[in-house]
Each structure stands twice: as structure tokens, then as C-alpha cells.
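This report is written for someone meeting the structure for the first time. Please look over the sequence and the model before reading on.

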Amino acid sequence: MDLDPQQISQDELERKQILSKYRSLLRVCKPFLKRGDKRQIRLAFDMAIDAHKDMRRKSGEPYIYHPIEVAQIVAEEIGLGTTSVICALLHDTVEDSEITLEDIEREFGKTISRIIDGLTKISGLYFKNSSQQAENFRKMLLTLADDVRVILIKLADRLHNMRTLDSMPRDKQLKISSETMFLFAPLAHRLGLYSIKSELEDLAMKFTEPETYKSIAQKLSDTKVKRTKYIKEFIEPIVNELEKQGLKFEVKGRPKSIYSIWNKMKKQNVDFEEVYDLFAIRIIIDSASEVEKADCWKVYSLVTDFYTPNPSRLRDWISMPRANGYESLHTTVMGQEGKWVEVQIRSKRMNEVAEKGLAAHWRYKEKEGNDNQFDDWLKRIRELLENSEPNALEFVEDVKLQLYNKEIFVFTPKGELRKMPQKATALDFAFEIHSDLGMMCIGAKVNFKLVPLSHQLQNGDQVEILTSKIQKPNSDWLAFVVTAKAKSKIKQSLKEQRKKESVEGKELLARKLKSLKVNLNEASINRMVKFFALPSSLDLYYLIAIGKIDLMQVKSCFEDPEPIEKQGKLDTKNFQVFVKSPSGQNDTELIIDDKIDKIAYTISSCCTPIPGDDIFGFVTVGEGIKIHRSNCPIAVNLLSKYGYRVVKAKWTQSQEVSFLAGIKISGIDEVGIISNLSQVISGDFKVNMRSISVVSNDGMFEGTIMIFVNDTNHLDTLIRNISNVKGVLKASRIESQRN
């Protein structure tokens, strides 16, 4: 049989590309290779090629490209060694081929086999339901507490998947991007991998908010020449002075990430042009560890000799490093043309820790015997796992708080420093010191003043905890504690209290059923649980014990006919039946789940999507399919936790229907401003207006206009025309609202 020459040439090209990628990986590994390492990496490479020989990615490329690229990220961008490179090359082999963990242990030893086992257990976080997905995350954290390399390799795997997400279907792009924002970016942040965290956020935004991403990227590109010139002029006097002082240094100017710029635009309600710190200057000095702190402050002194600092923007993470080991001195100074510029000052060692996080931190700890900031954090994670929520979703929320929270520094009465998450309360601090102290806490003295348990702590507070032996936790405490440790311990205590009361409730119920001549068995308990719509029999006994269900209500339960079980969690089977049942109440303006026939849906009020918006459908329990914008404030939560209930949705062009949208306006309070706005909206555009609300203060006004439009183009044109009305300084779409 003759072979197709074109196929031969394609195979040959791919073979050459695979070898080229492998050689590139070896070049990156060269600095840390010891005797025998190269042979082991080659063995892993050959095993991976054999395991994936018939597999291709969605893009059509050979699958082997993926493990090689992941290994490259592990070595080059995270800074891990030979063991992790081998694990990255083999990370999908056990799941995707006939290779077993025993085969891997025989060839590479127990450590590599254990890491591959951890990676196999946490591969693919999407399951049929959200609790399984969250349970998988719990497994991931268990492996983190055991060997953190599992998580670091998983992050490299996720980063490469995000870099190649273009070839995936749109619904998968949304789900994977949302999961990345929900879990993986916070995890990279906590492990100190700032460049990876920023790239993951940018890539997720590229798929969840493509138009905004492109717009900011284009504006950054358009202003690059001007920005480069500004940075050069800004650093020139600093560079000259640093050279005079004989310091070894490197100066870099870099733009902020697209996601962080977008965050600032939303937070400060400003346009791109009004974000004042679009870039940061980084000064990296080559200093010995014993003088690096003094040298950083010396550089700070030089910078502030030339430029005036903003006193409220000084951040000293050298004296008090962040929990993930990050050390740097940040200041914002007034540069030329009245522009604020952020300056980051750090040593070469600090910079490597900031870029490569945990891996670099370990390396320097081995060299210099430094305390490892991560030991405390890993200890917290282990503690959390030991006392974790049985509800896996709540557990994920608790851990996520630990991953991605700003810190404050608080002191004990003896002057011992403790790091707490922002918004932590006096009660959180009590649990931080010791669980027993938290359980008995009745109040606190903050800076020698008496405060309640719910008092939020501030940076630099000194806190003394007050206790009583008769105190015990109550459910109100859960409303104001923020640390996972406090929540976990309070829930544990409440559960124990509840169990004791449930025993009493069961005894009361048994006596009542006996008088009614009803046996206390599984059938009668299930009937009561259904009748009162409770999650479990334990809840039934507890509510009887505390008097929330009286025994007369129990009697009526057995007098009524057998109750019909209420619809619970929507499973895949229910979902399919529901989707195929059109209500017929609306004409179809949407194609849902690739089906053109009529399907019941409602427009979500939290983000009010209109034709032209990028959207998805979410199957609710009892309210049908709700349509959300892909950049809806709650989209990340829905897509990451309940991916199995998301359906594809897109607008059809078949008919013009009016949709409610909101416009936010502000400007100078001119005479007749309302009349002029009404003329543009109702007169020139013939648009129906639902409401207009304007508040004037000291010659300025702010307001909202609710109008009915056909699609995003219609809305954008209207916003442009409103912006041209005399006195209007700004007009923009309201991104989210509640009716």
C-alpha cells in the first residue's frame, strides 16, 4: 500500500517539532541536572510519547506537545527540579493509557509514583455535580499538605490548558475560565506565583469578557511608545544616582496586567485613560542577604529625593512579609506631567521569590536556613482538613477565603505579631490564638478599649481576649467570623450541641408516636421528614427538642394523605426532561443548547442581558433556564461550581424585541438637562424609557436611565448620543442590577 507523501511530510514535521520542544526543555533543565538526571528525563519522555502516540488535542496537534510544555513551565517559570519535570512529562499517562503506578514506581521510584498518583486523583475538576467537584478540590488540598509539588505541577498544567483554550468549544471555554478564576488564580496567588496568577487572570478574562479584554489590550498597545518614553525619562535620574552610589541593580518598567487594570476601572468607576498607575517601575538590587533590607531603604530614599511619595501608598513587605513569603517595598510617587507612578524595590533574592514563589522560597531556605512562611500556612491547611466541613462546597468557600485575602498585622498583649485576613474580628483572633480561647470568648480589649466579639480588627491593633467558662458558641457567631479555622470550630461545636438536643427530641417523639399508636421506624421517620421538608431525621429531632415543631403538628402529619416528595437537586435526567418541555409563553429569541425549538427561559435580573451580549443558560431548580451574561457578577460562581447545569445559549437574528437596559450618567448640572436627555432618547431615537432618576449636588449630577433597546449595537449608539448632550461628562451601561 502506497503512503501519502503529504502524510509522510506532516508526520516528519511533527516528529521534528517534538524533538525541538524536548531539546528546549533540556536546555532549561541544564543548570540543575545531576548525574543520571538526563537519562531519567529521556526515559520519561519516551514513556510519554508511547502512552500518547495515537492521541491528539482539540487543536489537532499531537497530544505529547502538552506534557512537554507543562514540563517546560514547571522548570522555567516555576523553577522546580528533575523530579517535577519527570512528573510533568508523565502526569496524564496513568489516566490516559495502560501504564500503571506500579510501572512508574518500578522505573522512577516511590516519590515520583506518589506525585503522579496525586495528579491522577485530581485530574479534571468537572464532575456531574458540584459537591463531587468540591470533594475533588479537597483531595487536591490533601495532596498539597502531603507534597506541594502536586499542586505546582497542576498549576503548570492549567496554565498550558488556558494558553491553548482557543481550540475548545465556547461553553467549555467559559466553564474552564471560570474555574480558573475561582480556584487556580487564588491558589497561584497564595503560593507566591504572581506572574502565573496574573497570566491566568488575563487568559480567563480573554474568554469571559473578550470585548473588554481586546479593548484594553489594544489601548495598552497604542500607548506603548508613549509609555516607554515616559518610563525612560522617569528612571534616568534614579539610574544615574544608583550608579554613583556603586549599587549593582536592574530597573524594569512593566504595564499592569489587563485584568488588574479592568479591576481598577470597575472599582474606581473610571475609563482606561483615568487609571493613573497603568505601569510599575521595579528596581532590583544585587545585595547580600545581611544588607539587602538596608539597601532597599537606601534606594527608597534616593527615589523620594527625586519624586514626592504618596504617604498613604507606602507598603513595607520587607519588615513584615506576606504569608506566601512575598517581600518588597512599594511606594507610589508623583512623576513628570503630574502622573502617579508605582515603584517596587526589592533584592534579587526577593524578586526570585516573588516570581517563582514557593519553589524559590524553599531553595533559599535550604541555603540560608530561613524560616519558611509556608510552614504556617500548610499547618493551617492541615488543620482545616482535619476539622473540615462535611459540606464540600462550604469547605471550598472557607479555603478560598484563606487563599485570596488581604492581610492585616495584629499584636497579642505580649507584643507577639499575628497575621490575620482583612475584616477579621476579635472572635477570629481568639480562635487564631487557641480553639479553647475562641470557644470561651465573651469580648476583647482592642488597644485597651472594651469591644464586642464582632469588632473588626485594623492593622496594628493590640488585642487582649476576655473569656468566661460558662460561654459556649452560638449560630450568630457564624455571621461575623471570617477565618476558616473559626468557622470550622464553631460549626463543630454547634453540631455537637445539636446532637445532644436531637437525642432528647427523639425520646419526645417516640413517646408521642406511642400515644398515636404509630411505630417509630424508618417509614414513619421518612414520612415526617418529607412532610416538614427537612434534610434529615437529625433535623427533625432537633426541631422537636427546641420546640420549633410541636407534637400536634406531628399528629397532623399522620392524619394527612402520604405527602408527595418535593423535587430536590436537579440531576442530569431531570434536566434533559425539562429542556425538552417548551412552555410556549414566549416567542423564541434564543437558541438554547443548540436547539431551535421553543424552550422556556427567563432573562436574569442580576445582569439583564440583551441581544449582542455573550451569554449562557443556567438550569435552576424550579425557575427554568435563566439567561446570564458571561461577565455577570455571579457567572464565575455558577460556571465554576455548577458547570454541569450550564447550557449553551445564543441570540437569533429573527425578530426585534425590546429588552430592558440601564445607563449610568454623570456631568455638570445644566439648565434643561433632563429635557435634552429625554429629547435624545424619546424624540431622536424613538426609544421607550421606563424611568429616569437624577440627583444633583454642588453643581454636579448623577443619574440612571432605564430604557428598552433591541440589542447591544442599539444601546451603544444611544450611549454615544447621550454622551454628546451638553453637560453630560460620562455615560456607560449599568453592568449589573437588581430589580
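Is W317 buried or exposed? W317 counts as buried, because its relative accessibility is 15%, and the cut-off for a buried residue is under 20%. The model in which this value was computed is a predicted one, and the sections below go from the whole chain to two of its sheets and then to its aromatic rings.

## The chain as a whole

The chain has 739 residues, of which 47% are buried, and its secondary structure comes to 28 helices and 20 strands. Among contacts between residues at least 6 apart in sequence, 67% join residues that are at least 24 apart.

The surface that the chain exposes comes to about 37300 Å², and carbon and sulfur atoms supply 50% of that area. The structure holds 0 disulfides. Two of the cysteines may be located all the same: C29 is buried, with a relative accessible area of 0%, and C441 likewise counts as buried at 0% relative accessibility.

## A sheet of three strands

Strands of a sheet pair through backbone hydrogen bonds, either parallel or antiparallel. In one open sheet of 3 strands the order is β10-β9-β11, and the pairing is antiparallel. Strands β10 (449-451) and β11 (463-467) stand at the edges with a single partner strand each, so one side of each has no neighbour in the sheet. From one strand to the next, the twist averages 30°.

Strand β9, which covers residues 441-446, pairs with β11 in the antiparallel sense over 5 bridges, and the bridge partner of C441 in β11 is T467. Helix α19 (residues 426-433) packs on this sheet, where it touches β9 and β11, and the direction of the helix makes about 85° with that of β11.

## A sheet of four strands

Another open sheet, this one of 4 strands, has the order β18-β19-β17-β20, again with antiparallel pairing. Its edges are formed by β18 (689-697) and β20 (728-733), each of which has a single partner strand, so that one side of each is left without a neighbour in the sheet. The twist here averages 15° from one strand to the next.

Strand β17 (residues 659-668) and strand β19 (residues 700-709) pair in the antiparallel sense over 10 bridges, and K664 stands opposite T704 in β19. Helix α28 (residues 712-723) packs on the sheet and touches β17, β19 and β20, while the direction of the helix makes about 170° with that of β20.

## Aromatic pairs

A search of the whole structure finds 5 aromatic pairs. One of them joins Y22 and F45, whose ring centres are 4.1 Å apart and whose planes lie at 15°, so the pair is stacked. This pair links distant parts of the chain, since Y22 belongs to helix α1 (residues 5-29) and F45 to helix α2 (residues 37-51), with their positions 23 residues apart. Y22 is buried, with a relative accessible area of 4%, and F45 counts as buried at 1% relative accessibility.

The residue in the opening question, W317, forms an aromatic pair with Y326 that is edge-to-face, with 6.0 Å from centre to centre and 70° between the planes. Y326 is also buried, with a relative accessible area of 6%. Together with Y194, the residues W317 and Y326 form one aromatic cluster.

Key: Residues numbered from 1 in each chain as written. Predicted model: local features only at pLDDT ≥ 70, side-chain atom pairs only at ≥ 80, totals over all residues. Heavy atoms only, no water. Helix = DSSP H or I, 4+ residues; strand = E, 2+ residues; numbered from the N terminus. Buried < 20%, exposed > 50% of the residue type's maximum accessible area, 1.4 Å probe, protein only. Contact = heavy atoms within 4.5 Å. Areas by Shrake-Rupley, 256 points an atom, 1.4 Å probe, with all protein chains shown as cover. Pairing = 2+ DSSP bridges. Axes fitted to C-alpha atoms, helices over the stretch in contact; angles between N-to-C directions. Disulfide = S-S within 2.5 Å. Phe/Tyr/Trp six-rings, centres within 6.5 Å; stacked < 30°, edge-to-face > 60°.
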